[in-house]
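This report describes one protein chain for a reader who has not met it before. Please look over the sequence and the structure before reading on.

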Amino acid sequence: MVETIEYSQFLDVDIRIGTIRKAEVNKLLKKPSIVLLIDFGSEIGLKKSSAQITANYNPSHIINKQIAAVVNFKPKQIGSLLSEVLVLGFPDDQGEPILFSPDKVIKNGARLF
C-alpha cells in the first residue's frame, strides 16, 4: 500500500532540472561514484552531487545531459565531497540507477510541478 501525502508536502520537495557540466569518477569511496557539477540556472547556480551511477554511465558521455535533482535537501558529506543536491533516478533490472531526464530540452532551474 502506498502512503498518501498532502499536495503541500509534495511542494516542500524542490525538484529542478539542471545540466551536467562536469563529471568525474570518484574511486576513493567504497562504492565508486561519479561527482557531478550541475548547472541549475541563475537562481540556484552550480551545485555538486555524488551519484553511484557508474554501472550505467561513463562520465564523458553525460556532459550536457539534463537531469532532475532535489535542490533543497541539506548538504550531505560523502567522503571528502559535500554533496549539495540529490540526483533522481529509477532502478534498472539489476537495481542500478538510471537518471531521470526530460525528453526535450528544458530551461535550467525549471521546477517540477
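## Terms and model

Two strands are said to pair if DSSP finds at least two bridges between them. The model described here is a predicted one.

## Overall make-up

The chain holds two helices and nine strands. Read from the N terminus, its elements follow the order α-β-β-α-β-β-β-β-β-β-β. The radius of gyration is 14 Å, close to the 13 Å given by the globule rule for 113 residues, so the chain is as compact as a globular protein of that length.

Along the principal axes, the C-alpha trace spans about 40 × 40 × 30 Å. Of the 113 residues in the chain, 35% are buried. Among contacts with a separation of 6 or more, 58% are between residues 24 or more positions apart.

## The sheet

Five strands form an open sheet in the order 3-2-1-4-7, and their pairing is antiparallel. Strand 3 (46–51) and strand 7 (86–87) are the edge strands, each pairing on one side only. In general, strands of a sheet pair through backbone hydrogen bonds, either parallel or antiparallel.

Strand 1 covers residues 15–26 and strand 2 covers residues 33–39; seven bridges join the two, which run antiparallel. The connection between strand 1 and strand 2 is a hairpin of six residues. Val25 stands opposite Ile34 of strand 2.

Strand 1 also pairs with strand 4 (residues 66–70), in the antiparallel sense and over five bridges. Ile15 has Val70 of strand 4 as its bridge partner, and Ile17 stands opposite Ala68 in strand 4.

## The largest pocket

How much space lies in the largest pocket? The volume is about 340 Å³. Its lining consists of 20 residues, and those nearest the centre are Ser49, Ser50, Ala51, Leu86 and Val87.

At least two lining residues come from each of strand 3, strand 5 (76–78), strand 7 and strand 9 (97–99). By class, the lining of the largest pocket has twelve nonpolar, five polar and three charged residues. Two of the contributors, strand 3 and strand 7, are also the edge strands of the sheet.

## The second largest pocket

The second largest pocket holds about 170 Å³ of space. Strand 1 gives the largest share of its lining, three residues. Ile15, Arg16 and Ile17 are among the lining residues, as is Ala68, the residue that Ile17 stands opposite in strand 4.

Further lining residues of this pocket include Phe100, Ser101, Pro102, Ile106 and Ala110, along with Arg111, Leu112 and Phe113. Nine residues of the lining are nonpolar, one is polar and two are charged.

## Ile106

Where in the chain does Ile106 lie? Ile106 is in the segment after strand 9, and it is one of the residues lining the second largest pocket. Is Ile106 buried, partly exposed or exposed? Its relative accessibility is 34%, and partly exposed means between 20% and 50%, so Ile106 counts as partly exposed.

Which residues does Ile106 touch, leaving aside neighbours within four places in sequence? The contacts of Ile106 are then with Ile17 and Gln66. Ile106 and Ile17 are 89 residues apart in sequence, while their C-alpha atoms are 7.2 Å apart in space. Both Ile17 and Ile106 line the second largest pocket.

Methods:
Residues numbered from 1 in each chain as written. Predicted model: local features only at pLDDT ≥ 70, side-chain atom pairs only at ≥ 80, totals over all residues. Heavy atoms only, no water. Helix = DSSP H or I, 4+ residues; strand = E, 2+ residues; numbered from the N terminus. 1 Å grid on protein atoms, 1.4 Å probe; cavity = no way out; pocket = protein on both sides within 12 Å on 5 of 7 lines; lining within 4 Å. Points joined across faces, edges and corners; volume = space filled by probe spheres on them. Nonpolar A, V, L, I, M, F, W, Y, C, P; charged D, E, K, R; others polar. Rg over C-alpha atoms; globule rule 2.2 N^0.38 Å. Buried < 20%, exposed > 50% of the residue type's maximum accessible area, 1.4 Å probe, protein only. Contact = heavy atoms within 4.5 Å.
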